[in-house]
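Me: I would like to learn how to read contacts between domains and between chains. Can we work through an example?

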There are 2 protein chains.
Amino acid sequence: MGVTDKSSVTASSPPSKAINGSLHTKAEDVSGQPKGKRRSKYRHVAAYHSKSQHSSLSRESNTSTSFLGFRNLMVIVLVAMNLRLIIENFMKYGVLICIKCHDYRKQDVVLGSMLFALAPCQLFIVYTLELAAAGRAKETIGRKKKDDSAEEGERDQRAFRTIWRFALSFHILNTLLYLTVTSYVVYYYIHHPGIGTVCEVHAIILALKNWSYAFTNRDLREAMLNPSAESALPELYSSCPYPRNITLGNLTYFWLAPTLVYQPVYPRSASIRWSFVAKRMFEFLCLSVFIWLLSAQYAAPVLRNSIDKIAVMDIASILERIMKLSTISLVIWLAGFFAIFQSFLNALAEVMRFGDREFYLDWWNSPSLGVYWRSWNRPVYLFMKRHVYSPLVGRGYSPLTASIVVFTVSALLHELLVGIPTHTLIGVALVGMLFQLPLIALTAPLEKMKDPSGRIIGNSIFWISFCVVGQPLGALLYFFAWQAKYGSVSRMA
Amino acid sequence: MGVTDKSSVTASSPPSKAINGSLHTKAEDVSGQPKGKRRSKYRHVAAYHSKSQHSSLSRESNTSTSFLGFRNLMVIVLVAMNLRLIIENFMKYGVLICIKCHDYRKQDVVLGSMLFALAPCQLFIVYTLELAAAGRAKETIGRKKKDDSAEEGERDQRAFRTIWRFALSFHILNTLLYLTVTSYVVYYYIHHPGIGTVCEVHAIILALKNWSYAFTNRDLREAMLNPSAESALPELYSSCPYPRNITLGNLTYFWLAPTLVYQPVYPRSASIRWSFVAKRMFEFLCLSVFIWLLSAQYAAPVLRNSIDKIAVMDIASILERIMKLSTISLVIWLAGFFAIFQSFLNALAEVMRFGDREFYLDWWNSPSLGVYWRSWNRPVYLFMKRHVYSPLVGRGYSPLTASIVVFTVSALLHELLVGIPTHTLIGVALVGMLFQLPLIALTAPLEKMKDPSGRIIGNSIFWISFCVVGQPLGALLYFFAWQAKYGSVSRMA
């Protein structure tokens with residue numbers, strides 16, 4: 001609101017607009033001070049209160065007030081509070097990070113490498129089994145072409161089932177053997193939980209992949225033997241019909257590809273962008289270091305301090321400890337999720353030219369626990385859906401039963417994953433996973449609500465139950481069990 | 001995706017939609033399981049990876065991902081972190097709140113009441129002064145009607161100036177006397193900082209009101225003496241032309257009304273809604289108790305613990321203390337702002353039927369310090385604009401000079417307001433207010449930026465400089481000065 005071109009402004013002009021201007025800008029409208037040839041005197045008479053109006057926070061106010069500034073404040077307070085905790089931690093403990101103090105033994109590395117080296121052997125057995133089954137199936141087809149009687153069809157079915165039972169037993173034997181050997185070695189001989197976890201995760205992934213490979217190939221075989229409308233295969237597979245997919249190359253690709261669901265053919269990307277791979281691996285490394293720093297400097301002292309309090313079962317103290325842990329474990333969890341599901345799996349997918357990069361959906365917006373479990377880990381979810389849930393429902397079981405089975409399998413795998421490398425099979429991961437079922441049932445109505453407040457409540461329940469309470473409580477209990485068994489984790493007293 | 005009406009679904013149908021469904025709902029599409037008369041076998045062959053797609057967090061992803069869940073998480077983490085601090089505080093100190101321990105003396109209350117009782121006397125002097133001035137002005141008008149020569153006009157002007165100088169000196173004397181007496185009594189005889197603050201605030205408000213009353217009446221008087229287009233008064237005032245507004249009732253209304261800017265007439269609301277008043281006063285009481293609890297239980301121990309650290313000037317510790325204080329002082333500040341500017345002033349305005357309730361704008365969104373100072377305290381801002389800034393600019397001073405004067409006056413008043421009741425005139429409030437000028441200059445370019453990120457940066461600078469650093473630092477320094485002078489505030493060691 002310029003002054004010069006408003007020489008008719010009088011002392012009484014209401015400053016309704018002007019008062020929003022800057023206190024020290026030239027363009028200010030100094031009410032009552034028109035810049036004429038003769039400077040007239042300023043008058044203290046302007047009616048600053050010229051109309052009735054409500055305060056912007058009053059319910060009567062009809063202007064919709066923005067609260068964007070409070071969002072900024074929230075971020076700042078979060079940063080400040082955590083910065084404070086960092087300084088407090090530093091003043092209390094000094095620098096706890098120490099590369100030389102890290103006590104993984106040579107034995108751990110050697111045994112871990114040996115377990116990884118076993119994987120190709122195990123895969124070769126899988127390949128041989130499927131090759132044999134495919135050979136038998138081809139023989140059957142050849143015989144069928146000569147003699148197409150109903151009796152022959154009956155015999156074919158029997159033969160098919162025999163092949164499958166034979167293959168299945170060997171698959172189970174092979175998979176269980178590898179899983180058992182790995183778990184046994186990790187539990188008894190690999191002390192370092194990090195190395196143990198990598199070995200155990202790999203073994204479980206291999207077991208799931210075998211499962212998927214065996215069942216998918218069985219049904220591809222059956223589709224070849226009984227070609228009908230019902231067993232028509234996806235278009236995608238036509239470039240590699242059944243027996244031709246049983247090659248070592250195809251199996252190795254499945255072993256390394258970021259999926260647990262076997263398909264003879266996957267959507268592929270055109271080429272490998274090495275710069276993309278480098279960026280993702282850089283992210284992965286940075287986040288890994290970040291997680292390590294957080295664990296050593298922040299999580300470890302808090303966990304250590306919590307032990308006495310858990311031992312005496314002081315509820316207020318345990319609550320305080322869990323809340324202190326929850327921020328740290330939440331940050332570690334988010335960093336870990338990004339490192340593995342965004343950085344690592346994308347890098348791996350790029351190297352393997354694996355096209356489908358949907359490793360997660362926007363689980364952070366989950367309005368219920370159910371949506372969360374369907375979103376955060378797509379590879380496992382798709383596996384469970386394709387090879388556990390759907391077959392059970394297909395056999396006539398109720399969806400609830402199928403869900404219970406899915407979560408029971410998942411709970412057992414989680415317990416293996418956490419309990420074996422930490423040498424503490426205390427069943428917390430198992431119970432925690434099974435506890436998801438009532439939580440899912442409880443929050444299911446919220447996800448269907450049209451009202452956004454229902455979704456916000458559901459989302460809050462998800463965050464609180466999962467990230468603020470569940471994770472730190474679990475970490476605390478496993479740490480407690482570890483400490484009770486081995487004493488201090490690091491050499492620091 | 002119902003199953004029953006899709007009997008043509010084959011084993012190979014891609015589950016693109018179905019996988020978003022619930023794991024345990026009846027409506028689930030169990031791919032490969034059409035519900036025909038003959039239950040066909042489920043096949044593990046569906047192509048779950050049917051197309052190439054990006055991860056939703058990848059930059060290549062063309063779907064815009066919502067991060068609403070993270071906002072919920074932020075709120076939860078803030079609540080959890082503060083709940084933890086509450087528990088920690090309780091475990092460290094127990095319950096510190098103690099009504100009987102409160103050590104305000106009888107003398108404080110008596111002296112405070114006497115200072116308040118002086119206000120009407122002081123106002124009566126103001127009234128008498130203005131009544132006399134109005135009388136002289138009316139005489140002049142009377143004379144003017146008889147003899148309208150240029151010489152006579154000249155003499156009138158002189159007479160007017162004489163009246164004004166006379167009135168001004170008495171106004172200044174009267175106002176300064178009241179302010180000095182109050183400050184003196186509060187500084188030397190009222191120990192309790194709360195009672196002292198109320199008395200000092202009231203005295204400063206009265207001084208500002210007197211200032212506004214005197215200057216506005218002078219200019220109304222001048223407008224009456226020289227009626228011209230330039231001195232035309234606001235429409236609003238026409239219901240109460242100049243000398244008629246010089247009544248005790250009008251002055252008392254101005255004394256009690258929630259404004260510092262005198263107008264003969266204000267926009268008024270139609271009636272008093274007593275339920276509205278009751279609600280606002282209830283809010284005010286609750287927030288006052290809340291602030292008291294926070295101060296006694298949380299702020300006081302932190303301040304007490306900070307003293308040794310300030311004394312030895314350990315930078316890391318001071319930083320840590322300031323950050324710990326910043327959350328508490330921020331909450332107290334926000335609660336105090338709401339209690340005074342929303343609850344108390346609205347209640348007062350309702351009782352006074354004062355129409356203009358715009359006591360603040362949305363200062364929390366301020367993109368710069370300048371906008372903040374123009375938004376958060378409208379009564380003082382309007383006063384400064386009408387009676388300090390605009391007159392100076394009207395006299396030809398640059399807006400920068402005028403702003404410097406405004407902030408210097410404001411700084412002096414702040415120092416009085418904080419320093420007198422706490423008996424520690426250490427100049428921190430003064431310096432803090434003057435320090436606003438470079439901050440305003442620094443953030444001024446941000447408020448003009450079209451880009452929202454500029455506004456967010458400016459808003460963050462505002463929050464950090466003002467609420468996260470400025471306030472707790474100030475509180476710390478005044479507490480330190482108080483403690484150095486008197487020792488512990490409360491009787492608790």
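Me: How much area is buried between chain A and chain B, and what percentage do carbon and sulfur atoms give?
Reply: Keep in mind that this is a predicted model. Buried area is what two parts lose on being put together, summed over both. Between chain A and chain B, about 12,000 Å² is buried, and carbon and sulfur atoms give 61% of that area. Chain A puts 130 residues into the contact and chain B puts in 131.

Me: How many salt bridges does the rule find across this interface?
Reply: The cut-off is 4 Å, from a Lys or Arg side-chain nitrogen to an Asp or Glu carboxyl oxygen. The rule finds four across the interface of chain A and chain B. One of them joins B:Arg43 and A:Glu222 at 3.2 Å, N to O. Polar contacts link 56 residue pairs between the chains, counting pairs with both residues at pLDDT 80 or more.

Me: Which element of chain A gives the most to the side that touches chain B?
Reply: H1(A) does, with 20 residues. By class, that side of chain A holds 62 nonpolar, 40 polar and 28 charged residues.

Me: Now within the chain. Where do the domains of chain A lie?
Reply: Domain 1 spans 106-256 and domain 2 spans 271-488. Their C-alpha centres are 29 Å apart. The contact draws 20 residues from domain 1 and 21 from domain 2.

Me: What is the count of salt bridges between domain 1 and domain 2 of chain A?
Reply: Zero. Seven residue pairs are in polar contact there, both residues at pLDDT 80 or more. On the domain 1 side, H4(A) provides the largest share, 11 residues. That side has 13 nonpolar, six polar and one charged residues.

Technical notes:
Residues are numbered from 1 along each chain as its sequence is written. Chains are lettered from A and ligands numbered from 1 in the order in which they are written. This is a predicted model: local features need pLDDT of at least 70, side-chain atom pairs count only at pLDDT 80 or more; totals for chains, interfaces and linings use all residues. Side-chain values use heavy atoms; hydrogens and water are left out. Domain bounds come from an automatic or database domain assignment. Contact means heavy atoms within 4.5 Å. A polar contact is a pair of N or O atoms within 3.5 Å; within protein, one must be able to donate a hydrogen and the other to accept it, and residues adjacent in sequence count only if both atoms are side-chain atoms. Helices (H or I, at least four residues) and strands (E, at least two) are DSSP runs, numbered from the N terminus. Ala, Val, Leu, Ile, Met, Phe, Trp, Tyr, Cys and Pro count as nonpolar, Asp, Glu, Lys and Arg as charged, and the others, Gly among them, as polar. Buried area is the accessible area (1.4 Å probe) that two parts lose on being put together, summed over both.
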